[in-house]
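Colleague: I have a complex to read and little time. Walk me through it, please.

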Amino acid sequence: MKFLEQFGRYILFLRACFRKPDKWRMFWRAFFTEVYKMGNDSFLIVSIISMFIGAVAVIQFGSQLQGSLVPMTILGRIVRDANILEFSPTITALVMAGKIGSNIASEIGTMKVSEQIDALEIMGVNAASYVALPKIFAALFAVPALVTYSMFLANVGGAISCYFSEMVSVDTYVQGLRMDFNSFFITHSLTKAVTSAFLIATISSYNGYQTEGGALEVGSASTKAVVQSCIAIIFFDYILTQIMLY
Amino acid sequence: MIALKDISKSFSGRPVLQNVNATFNKGKCSFVIGASGGGKSVLMKCMVGLLSQDSGVIDFDGRDFLNLDYYKKKELRQEIGMLFQGGALFDSLSVEDNVAFPLRMFTNFSKSEILDRVNFCLKRVKLENVNKLFPSNISGGMKKRVGIARSIAMNPKYLFCDEPNSGLDPLTSRVIDELIMEITEEYGITTIVNSHDIKSVFDMGDHIVFIYQGKSLWEGTKDQLRNSGNKELELFIKASEF
């Protein structure tokens with residue numbers, strides 16, 4: 001029952017968010033600021049994680065293939081597809097949920113408890129749309145961009161791992177990367193990225209917007225935003241994979 | 001003029017406001033007084049549209065706030081200025097941007113026109129050379145003054161002040177009171193102040209409404225306040241002056 005009530009409130013919040021902004025110029029200014037913040041703040045962590053995911057994937061898949069009759073060129077293909085289909089979109093989304101999700105929830109939550117949201121409402125500004133819509137659109141732009149970057153970097157990480165582990169030569173790995181490429185996998189991955197971006201931004205904004213009380217509640221809203229975003233990402237990851245790949 | 005007719009509001013079945021009636025006139029500084037938890041803040045939130053009353057009418061010069069459509073409500077809200085207890089300034093914006101915010105949002109003024117208006121409003125609240133400071137860098141009294149400057153930026157018809165003196169020293173309180181009074185008279189604004197500060201009430205209250213346990217028990221002028229004949233109000237005044 002409580003879940004349904006929360007879900008209903010979430011839908012009403014989305015309805016309030018997706019109204020025409022009061023002033024487009026202010027919307028675009030906020031949008032570009034948010035894109036910069038999200039991209040810039042997450043760039044380093046996404047780079048490090050992506051490189052290591054690719055590197056670890058090469059070692060793990062490589063160790064399974066060693067001694068088998070399967071040609072080692074397949075390693076590049078397996079790592080590439082795993083990175084594109086699952087590792088990059090899902091792990092980047094989970095990292096973003098922790099990074100920008102908590103940021104969004106605490107920022108909006110603080111605005112709520114310090115009456116800044118009330119001030120906006122009283123002025124006649126659609127507060128939900130003003131504070132959340134630029135963040136939602138910025139996430140829809142920044143997350144897929146970071147996921148694309150992550151796909152590239154994960155495969156580079158795999159190559160670096162090949163170089164150091166001597167499990168397979170870099171040439172063989174790159175040959176595998178270029179083998180039987182299915183461009184639909186990119187579509188699938190970016191669909192997941194867009195869905196995750198929407199979930200992270202809307203769930204986090206909603207949790208921030210519902211905050212009442214003080215600093216303690218802001219912290220709690222931030223934690224809830226991250227947990228709920230992560231669960232939603234994993235759930236929709238499964239649903240989208242089921243729908244799009246089978 | 002703002003007229004409240006039989007305003008009632010309850011939370012989870014617990015009545016907080018019960019048939020509150022009051023009238024607040026143009027160009028006058030009206031006070032809503034009463035003990036903490038008596039329903040003053042809820043009444044103010046209903047008046048500014050942050051909460052919807054369960055029953056009754058809040059009439060802004062012939063416009064019933066609750067029954068206006070989305071766009072009419074939006075229009076009316078642009079005629080309302082509010083000074084919050086904590087200032088409610090936008091942390092991420094400088095003093096200048098805070099005051100300019102409603103102008104940027106709702107007018108088509110040029111950059112220079114906005115800057116002129118911002119400087120005029122800041123000067124009006126006796127703040128100068130603070131344009132580029134952020135709310136975290138200014139004192140509580142300055143925050144309130146910036147709040148007033150932001151409230152008057154759009155030339156509001158109605159000004160609401162929620163405990164404007166809370167957390168301020170007596171001198172700064174006096175400055176804020178004087179500013180509210182001057183602005184009310186100068187621009188002919190309908191001003192409503194929520195306050196515990198009985199000194200402010202006697203200094204600037206043209207019209208006073210006493211709220212007790214969610215009911216409007218007494219309404220009158222500051223001259224009638226001492227001889228109201230209302231036991232609860234007399235007790236409240238005595239306790240406040242002690």
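Colleague: What is the mean pLDDT of chain B, and what share of its residues reach 70 or more?

Modeller: This is a predicted model, so start with confidence. Where pLDDT is low, the coordinates should not be read in detail. For chain B the mean is 89, and 100% of its residues reach 70 or more.

Colleague: Where in chain B is confidence lowest, and where highest?

Modeller: Helix 9 of chain B, residues 231-241, is lowest, with a mean of 82. Helix 3 of chain B is highest, at 94.

Colleague: Which ipTM and pTM does the predictor give the complex?

Modeller: Both come out at 0.88.

Colleague: On to the interface. How many residues of each chain are in contact?

Modeller: Count residue pairs with C-beta atoms within 7 Å. Here 14 residues of chain B meet 13 residues of chain A. On the chain B side, helix 2 (70-77), strand 6 (80-83) and helix 3 (95-106) supply at least two residues each. Helix 3 of chain B gives the most, with 3 residues.

Colleague: How do the residues on that side of chain B divide by chemical class?

Modeller: They split into 9 nonpolar, 2 polar and 3 charged.

Colleague: Now the partner. How many helices and strands does chain A have?

Modeller: Chain A has 8 helices and 0 strands. Its C-alpha atoms fill a box of roughly 70 × 40 × 35 Å along the principal axes.

Colleague: What part of chain A is buried?

Modeller: Of its 246 residues, 43% are buried. Look at sequence separation too. Among contacts in chain A between residues at least 6 apart, 87% join residues at least 24 apart.

Note on methods. Residues numbered from 1 in each chain as written. Chains lettered and ligands numbered in written order. Predicted model: local features only at pLDDT ≥ 70, side-chain atom pairs only at ≥ 80, totals over all residues. Contact = placed C-beta atoms within 7 Å. Helix = DSSP H or I, 4+ residues; strand = E, 2+ residues; numbered from the N terminus. Nonpolar A, V, L, I, M, F, W, Y, C, P; charged D, E, K, R; others polar. pLDDT = per-residue confidence, 0-100. Buried ≥ 20, exposed ≤ 12 C-beta atoms within 10 Å, placed from the backbone.
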